[in-house]
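Reader: Hello! I am new to this structure and would love a close look at one part of it. Could you pick a helix and walk me through what is there?

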Amino acid sequence: MKRLLITTVFFVIAGGFWFFAGNQNVNRDKYITQNILDMSRPIDVTIDIEFLQSLKPAYEQ
């Protein structure tokens with residue numbers, strides 16, 4: 001009976017947290033700023049095909 005009570009309390013607290021945290025609007029600009037987008041863009045977009053072809057799968061080494 002003690003485990004049932006603890007489990008119920010846990011799920012009630014988790015459900016309350018999910019309800020109140022889930023009602024907030026997510027703004028993309030708040031989490032992904034232009035500075036982060038600038039850092040994530042590649043500077044040089046050329047792909048070295050010869051290097052990629054020289055790689056071997058891990059299971060063959």
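**A close look at helix H1**

Author: Happy to! Across the elements of the chain, mean pLDDT is highest in helix H1 (residues 2–22), at 91, and lowest in helix H2 (residues 28–31), at 73. Please keep in mind that this is a predicted model. For the chain, the mean pLDDT is 81, with 89% of the residues at 70 or more. Where pLDDT is low, the predicted coordinates should not be read in detail.

Let us place H1 in its setting. The chain has 4 helices and 0 strands, and its elements follow the order α-α-α-α from the N terminus.

Now to the length of H1. With 21 residues at 1.5 Å each, H1 should span 30 Å, and its end C-alpha atoms are indeed 30 Å apart, so the expected and computed spans agree.

How many of the 21 residues of H1 are buried? The count is 0, so H1 is hardly covered, given that buried means under 20% relative accessible area. The chain as a whole gives a matching picture: buried residues make up 0% of its 61 residues. The chain exposes about 6,600 Å², and 64% of that comes from carbon and sulfur atoms.

Next, look for the aromatic rings. There are 2 aromatic pairs in the structure. One joins phenylalanine 10 and phenylalanine 11: their ring centres lie 5.7 Å apart and their planes meet at 75°, which makes the pair edge-to-face because that angle is over 60 degrees. Both phenylalanine 10 and phenylalanine 11 are exposed.

Phenylalanine 19 and phenylalanine 20 form another edge-to-face pair, with 5.3 Å from centre to centre and 75° between the planes. Phenylalanine 19 has a relative accessible area of 47%, so phenylalanine 19 counts as partly exposed. Phenylalanine 20, at 61%, is exposed, because the cut-off for exposed is over 50%.

For a last glance beyond H1, turn to the nonpolar patch on the surface formed by Ile47, Ile49, Phe51, Leu52 and Leu55, which together have about 520 Å² of accessible area. One of its members, leucine 52, sits in helix H4 (residues 49–54). Leucine 52 is partly exposed, with a relative accessible area of 47%.

Key. Residues numbered from 1 in each chain as written. Predicted model: local features only at pLDDT ≥ 70, side-chain atom pairs only at ≥ 80, totals over all residues. Heavy atoms only, no water. Phe/Tyr/Trp six-rings, centres within 6.5 Å; stacked < 30°, edge-to-face > 60°. Buried < 20%, exposed > 50% of the residue type's maximum accessible area, 1.4 Å probe, protein only. pLDDT = per-residue confidence, 0-100. Helix = DSSP H or I, 4+ residues; strand = E, 2+ residues; numbered from the N terminus. Patch = residues over 30% accessible without salt bridge, like charges linked within 9 Å, V, L, I, M, F, W, Y side chains within 5 Å. Areas by Shrake-Rupley, 256 points an atom, 1.4 Å probe, with all protein chains shown as cover. Salt bridge = Lys/Arg side-chain N within 4 Å of Asp/Glu carboxyl O. Expected span 1.5 Å × (residues − 1).
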